[in-house]
Each structure stands twice: as structure tokens, then as C-alpha cells.
Amino acid sequence: MKRILAGIRYMFSVLDWPLLMILCMMAALGLVVMHSAVGSTDWRFADQARNFLIAFCAMWVVAMVPPPQLMRFAVPTYIIGVVLLLAVELIGETSLGAKRWLNLGVIRVQPSEMMKIAVPLMLAWHFHRGDGVLRLRDMLLAGVLLLVPFLLIVKQPDLGTALLVFAAGFCAIYFAGLSFKLLAPVLIIAVLALGALIYNEPYLCEPEVDWVVLHDYQKHRVCTLLNPGSDPLGRGFHTIQSMVAVGSGGLYGKGYMQGTQTHLDFIPERTTDFVFAVYAEEFGMYGGILLLVLYGLLIARCLIIASGAATHFGRLMAGALAMMFCAYVFVNIGMVTGILPVVGVPLPFMSYGGTALVTLGVACGIMMSIARYRPPRE
């Protein structure tokens, strides 16, 4: 009996309660919004509830694995992920013009999702192995480890997931000691390129102009961002309708399940990429602020865990995952409100989807594992 009680106490001791409370509030809010987005009789609401349960179980299991054990999974997880990405390129299933899925017979997987965890895990292990001593070859190898999966995911094409993988991996490299002085020239070039793009938009967005580095649909998304009114019933429809929904919510919103843009089917992909438009229309600006506060608390808690981590691996991993959450929120809300192009990034704990929720659950489990771990005294 004592062993059973001790086991139960251990299972609950692995949970980080501040983080768990934030996640429970977000899960409850996510299910409320999903109920409105799909309608009360739609099967996707029950599906999403099941997805949350699976994600919670995955989080709990991973939280019981201490960071030294997690590091053992870094190399094999990364290698398996890259192999699966190569398999997608060779024998993957194509849907809506993108080859992102791999049919393994029993299950159908999207390998790019696991790279959101595998890449920062691999990079944190890589820098931890060097005991905090940075050499040029370490940085170069880290760059290769990041670029290989990033380029494979871009080629599918899946720019949204590629950006999240890059954000998590790049932040791990930055927290490991990458100098900001090396980034300043890149940022200056990026700002100048963006200015040139905006200034030359009328010419660059002509149909006959080939952007070379982007697919045609990606070029159209950027051009639609710059001028949604150029094709309001075609490529600009998503952006315009989501902006109308967000704006029509006003300060207080139209009320739960009272969103006209939502329930008259003007918002495309309202259960996935554009679920924030549903939320903002029904709960208004104050509801949007509440949601941003919850995300802010989630990211802040992750950064607190990172700062208090007992190992170099824990600090890098927790910091990278915190910035991945930040990128998730910024990119999704940015594309819904019309300040970023539509790239297909879900809103964490709000958008419908099983794979993405399980990935988020694993990430939160890693956070909890890092939060509770203290190396044994010698």
C-alpha cells in the first residue's frame, strides 16, 4: 500500500502546477471556442476533446522522464525525423498540392511536426555536450543541424511549420551564445529587403514576374498581404473576411455563438488557422486581451523554468520551446489580423488538430521535467 501511495505521490509531483493551471484554462477556453466554431452537433468538438486528453497524457508521461534521459533520445529522434522527412519527399502522400504526410499503414503521420521538438532537443544536447564552451565548428554544425530539416520542410512545401522549426532551433543557438553583433547585419538586410518589396509591390506582384525562391501560391500570399483588395473574392478572401470578423467584434464581442461571420460561413478554415477570428468576433477586444494575457503567462512561466533550470541542456531546451510558443502565437494572430501572410500555422491550444496538440503536450511535458529536475549531489 505504501508503495502504491508513493507511486501516486510521485506521479503528481512531476507536474508543474503553475504551468498546469495555465494550460487547463487555455484548454477550457479552447474547447468553448471550438464548440462555437464547429456548431454544437459537429463531431470535431468531441474529437478535439479527445485530442486534449491524449495531449495531456503525453505531457504527463514526458514530465516523468528526467532531462538526462531526454538527452538520450535527442540523436535517435533527430535522425528518425530526418529520415521520415526524406521518406516524405520520396513516397509521401500529396494533398492540396503539398506532400507532407507519410502513410505507414496503421497510422498516417506528419514528420515535420515531430521536428518542432526534435530540432531544439538535438541542438540543446549538442551544446550541452560542449559544457558551455563555444567553438566556431560547434556553431557551424548547429547551423547544419537546423538547416537540413528546415529546407526539407520548406520543400514539401510547408512554410508555416518550417518557420516554427527554425524559430525553435535558432533560439537554441542564440541562447547558447550566438552574438547579436552577427545578427545585426542580417536584420538590417531583412528590413531593407522588406522596404524594397513594399515599394516595388505593383511591379513584383505582376503575374509574369517569377520570384524564383518562392512557389507561386507563396508569392500570391505575400502580394495579397500587401494589397488584399487586389483580389477580394479570390486570394484576398481569407485575409479580408478574417479582418472583418476581428473588427466586427468591437470591444465586447457579439456574444457566444452569435458571430455572423463565423456562422454564415464567411470565415474559411475557422476551426484551424483562423480560429482566432471566431474568438475575436464573439468575445471582442477584451476577450482578445485575455487570451494574449494567458499566452503571456504561459511564455513567462516557460522562461522562468528556463532561468531556473539546473543544467545547460535544460536552459537551452526550455528557452527554445518558450520562443517556439511565442512564434506560434505571433505568426497565427499576425496572419489573421492581416499583418503577416497566411502560412498555415495553428493557434496553440485553440486550433483543431491532433498532431499539433500532442506536439504541444510533449513540449509542456519537457518543460515540467526540466522544472522539477535537480542533479543528485555527489
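In which kind of crossing, left-handed or right-handed, does α15 pass α16? In this predicted model, α15 passes α16 in a left-handed crossing, and the paragraphs below set that helix pair within the chain as a whole before turning to two individual residues.

**The chain as a whole**

The chain contains 16 helices and three strands. Its radius of gyration is 21 Å, close to the 21 Å that the globule rule gives for 378 residues, so the chain is as compact as a globular protein of that length. Taken along the principal axes, the box filled by the C-alpha atoms is roughly 65 × 50 × 45 Å. Buried residues account for 47% of the 378 residues, while the surface that the chain exposes comes to about 18,700 Å², of which carbon and sulfur atoms supply 70%. Among contacts between residues at least 6 apart in sequence, 71% join residues that are at least 24 apart.

**The α15 and α16 pair**

Two packed helices are described by the angle between their axes and by the distance between those axes. For helix α15, which spans residues 312-336, and helix α16, which spans residues 354-372, the angle is about 145° and the axes lie 10 Å apart. On the α15 side the contact is made by Gly-314, Met-317, Ala-318, Leu-321, Ala-322, Met-324, Phe-325 and Tyr-328, and on the α16 side by Leu-360, Ala-363, Cys-364, Ile-366, Met-367 and Ile-370. Sorted by class, this contact has 13 nonpolar residues, one polar residue and no charged residues.

**Two buried residues in helices**

Thr-161 and Asp-47 are each placed in a helix, the former in α8 and the latter in α3; the table sets out their relative accessibility.

| Residue | Helix | Relative accessible area |
|---|---|---|
| Thr-161 | α8 (residues 159-176) | 6%, buried |
| Asp-47 | α3 (residues 43-63) | 18%, buried |

Because buried means under 20% relative accessible area, Thr-161 at 6% counts as buried, and Asp-47 at 18% is likewise buried.

Which residues does Thr-161 contact, leaving aside its neighbours within four places in sequence? With those neighbours set aside, Thr-161 is in contact with Ser-112, Glu-113, Lys-116 and Ile-153. For Asp-47, the relation to be noted is with Tyr-352: these two residues are 305 residues apart along the chain, yet their C-alpha atoms are separated by 8.6 Å.

Notes. Residues are numbered from 1 along each chain as its sequence is written. This is a predicted model: local features need pLDDT of at least 70, side-chain atom pairs count only at pLDDT 80 or more; totals for chains, interfaces and linings use all residues. Side-chain values use heavy atoms; hydrogens and water are left out. Axes are lines fitted to C-alpha atoms, for helices over the stretch in contact, and angles run from 0 to 180 degrees between N-to-C directions. Helices (H or I, at least four residues) and strands (E, at least two) are DSSP runs, numbered from the N terminus. A crossing is left-handed if the near helix is turned anticlockwise from the far one by less than a right angle, and right-handed if clockwise. Contact means heavy atoms within 4.5 Å. Ala, Val, Leu, Ile, Met, Phe, Trp, Tyr, Cys and Pro count as nonpolar, Asp, Glu, Lys and Arg as charged, and the others, Gly among them, as polar. The radius of gyration is taken over C-alpha atoms; the globule rule is 2.2 Å times the number of residues to the power 0.38. Buried means under 20% relative accessible area, exposed over 50%, partly exposed in between (1.4 Å probe, protein chains only). Accessible areas come from the Shrake-Rupley method with a 1.4 Å probe; for residues, only the protein chains shown count as cover.
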